Number of protein chains: 2
Amino acid sequence: MSLSEFSLIERFFARRARHDTRDAVLGIGDDCALLAPSPGELLAISTDMLVEGRHFLPDVDPHALGHKALAVNLSDLAAMGARPRAFTLALALQTPREDWLEAFSDGLFALAERYGCALIGGDTTRGPLNLCLTVFGDVPPDRALRRDAARAGDDIWVSGTLGDARAALGILRGEWPASLWEADEAAALKHALERPEPRVTLGLALRGIAHAALDISDGLAGDLAHILERSRVAATVDVDCVPRSRALRKLPADVQLRCALAGGDDYELCFTAPREAREAVLDAGAHAGVAVTRIGTISALREAADTPSIAWTDAAQTPLSLSLHGFDHFDAD
Amino acid sequence: MSLSEFSLIERFFARRARHDTRDAVLGIGDDCALLAPSPGELLAISTDMLVEGRHFLPDVDPHALGHKALAVNLSDLAAMGARPRAFTLALALQTPREDWLEAFSDGLFALAERYGCALIGGDTTRGPLNLCLTVFGDVPPDRALRRDAARAGDDIWVSGTLGDARAALGILRGEWPASLWEADEAAALKHALERPEPRVTLGLALRGIAHAALDISDGLAGDLAHILERSRVAATVDVDCVPRSRALRKLPADVQLRCALAGGDDYELCFTAPREAREAVLDAGAHAGVAVTRIGTISALREAADTPSIAWTDAAQTPLSLSLHGFDHFDAD
């Protein structure tokens, strides 16, 4: 790495990181950072790599990218019921530009500071734009929200509204005209795509209440399937219950549904909780300031060897046959 | 991510990871891995990003790349005196090829298993080839080998020999003819470039003996300067003492020196230890099966405001003026 790159790191990342490493015994500047979970707790660890063209568009606002790069990682901690502690950032850049780095680091640290998450280490190199963050959070061993903990009879819940990020991407791609929306609605969709809010507060509030949880990054249909596979259970989901924003409802009904069920990039939580916890779940949502909506139920597999699957119905309980394949947010295949 | 990519991960990484996650409470397959350091210890954490063209050449042997991607990260743990526990792997690939992934994962896991380091999480995406690993190791709080712990009067030591990786790169680049070397020497140089051995055992053996340590990735001159800056001390290094392999000695003397002092990609340890620990250091090297060589001494800054710097001398104590700039291993600037 050249000296000029060292000074870029120093300028935009390391100096700011030092102000905020009270939690880490040793932060940036040594071979390793040193960190321990709070006494009696475990470190929850997650890593995500963001690549131009798949996770963001080439002309992305760098401030929004800084936000989103950390947000999608904090969303993994939220889905585990973990409290954010620290993160590392590895960054490949073709040509480091000061204004770009300044906006990117501003967006990154604004979110990091909001959740008390300290930058404790990293790496920079020259190469095609690539961001790899690894986040660390604290969680008591018996209160982690795991994917394998759903039980027959559980309600299925989601936070927020689904499909907005996919609708925003469709505008950018010209799949539907921006003229469908009022300015405030279009702005809300763009915000959902560029600045997802990690549901950290909700994840913490659901400790001891929810059974299984994950964050929706690839679309509800695919992600809920992960809970079903890991928990060896089946699900019934009433698509008319799946929460959709006013803006999303401007799209044709079948497109709304595909955005909400298979659009991806939502970063809302999908979780299961026992029927008797309904009030506690609603209280958790109120505490976290985000709507939580019941969309279905978990059931036992009919036979142990069955493949876990989702039965989709409408509000009248009519079974639906949905074709959701190939609607991935950034699927370039 | 497409279904086919999920199955690639399952095939080459996740299945193998599961056999080896006894250390982690929860490994691959959930939103986060869960890990805690051994009781009373800290987690040492380091992240490195490897990019084609800067850290490896486009036609690199994927088995060697799998080895090296983990080796350079374990080298950071070694430099901290930390015991490897686990790692995460994020991988961007343009076109996943089975034979490539099989060889890459074989190289990766062969080294991981040797050091008891479990794969506990990761991410894969489509994009220009990029590898980002984050490693975790255990270290007791008061025994970590930090960069800021060098003291005036300390000896300066390095492990192994320096400059071999840079000599190998010079062959690949056509900077010097391969015909300078016998086949076994050329193979040894190539091995140094492609399959560096992380000095984990030496790092552990130096706990309680060495003061400061780091691993040499950018060249001795630049890396030793990091210890000096962090410790606020100066150094004198006798360049005739810097250990050079028989193969490196086939190059002209001035080129040898530039390879050994500024070539980079060595992944040997540079550390300081008090004079009275000389025998203990030699014992640690013998225990770890790697040569350790004393190359200089640490001294106090003449004035507190002085810039820490390295005084180079030869064996006759004659001061040398060296021009080492622009000899980086993969410097593409």
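# Getting to know chains A and B

Trainee: Which strand of chain A does Asp48(A) lie in?
Mentor: Asp48(A) belongs to a strand made of residues 42-51 of chain A. Strands (E, at least two residues) and helices (H or I, at least four) are DSSP runs, numbered from the N terminus. The strand that holds Asp48(A) is E2.

Trainee: Thanks! What kind of model is this?
Mentor: Residues are numbered from 1 along each chain as its sequence is written, while chains are lettered from A and ligands numbered from 1 in the order in which they are written. Side-chain values use heavy atoms, with hydrogens and water left out; local features need pLDDT of at least 70, side-chain atom pairs count only at pLDDT 80 or more, and totals for chains, interfaces and linings use all residues, since this is a predicted model.

Trainee: Which feature does UniProt place at Asp48(A) and Asp76(A)?
Mentor: UniProt positions are given in the numbering used here, feature names are shortened, and annotations may be inferred rather than shown by experiment. The two residues span 29 residues in sequence, yet no two of their C-alpha atoms are more than 9.3 Å apart, so they gather at one spot. In an unreviewed entry, UniProt labels Asp48(A) and Asp76(A) "binding site".

Trainee: Is Asp48(A) buried or exposed?
Mentor: Buried means under 20% relative accessible area, exposed over 50%, and partly exposed in between (1.4 Å probe, protein chains only). Contact means heavy atoms within 4.5 Å, and, leaving aside neighbours within four places in sequence, the contacts of Asp48(A) include Val72(A), Asp76(A) and Asp123(B). With a relative accessible area of 18%, Asp48(A) is buried.

Trainee: With which side chain does Asp76(A) make a polar contact?
Mentor: Asp76(A) is in helix H2 (residues 62-80) of chain A, and its relative accessible area of 9% makes it buried. A polar contact is a pair of N or O atoms within 3.5 Å; within protein, one must be able to donate a hydrogen and the other to accept it, and residues adjacent in sequence count only if both atoms are side-chain atoms. Not counting residues up to four places away in sequence, Asp76(A) touches several residues, among them Asp31(B) and Cys32(B). At 3.1 Å, its polar partner is the side chain of Ser46(A).

Trainee: How many Å² do chain B and chain A bury between them?
Mentor: Buried area is the accessible area (1.4 Å probe) that two parts lose on being put together, summed over both. Here, 61 residues of chain B are in contact with 61 residues of chain A. Carbon and sulfur atoms hold 57% of the buried area, which is about 4800 Å².

Trainee: Which three residues supply 14% of the area that chain B buries against chain A?
Mentor: No other three residues supply as much of that area. The trio is Asp31(B), Ile45(B) and Met49(B).

Trainee: How far apart are the end C-alpha atoms of helix H2 of chain B?
Mentor: Asp61(B) caps the N-terminal end of H2(B), with a side-chain oxygen 3.0 Å from the backbone nitrogen of His63(B). Of its 19 residues, 18 are buried, so H2(B) is largely enclosed by the rest of the structure. The expected span of a helix is 1.5 Å times one less than its number of residues. For residues 62-80 that gives 27 Å, which agrees with the distance between the end C-alpha atoms, 28 Å.

Trainee: Are the rings of Trp100(A) and Phe104(A) stacked or edge-to-face?
Mentor: Rings of Phe, Tyr and Trp (its six-membered ring) pair if their centres lie within 6.5 Å; planes under 30 degrees apart count as stacked, over 60 as edge-to-face and the rest as tilted. A search of the whole structure finds five aromatic pairs over all chains. The rings of Trp100(A) and Phe104(A) have centres 5.2 Å apart and planes at 10°, so the pair is stacked.

Trainee: What separates Trp100(A) and Phe104(A) in helix H3 of chain A?
Mentor: Trp100(A) is buried at a relative accessible area of 14%, and Phe104(A) is buried at 0%. They are four residues apart in H3 (residues 98-114), so the separation is about one helical turn.

Trainee: What is the phi of Gln317(A)?
Mentor: Gln317(A) is in the segment after strand E11 (310-313) of chain A. Its relative accessible area of 56% makes Gln317(A) exposed. Although Gln317(A) is not a glycine, its phi is positive, at about 70°.
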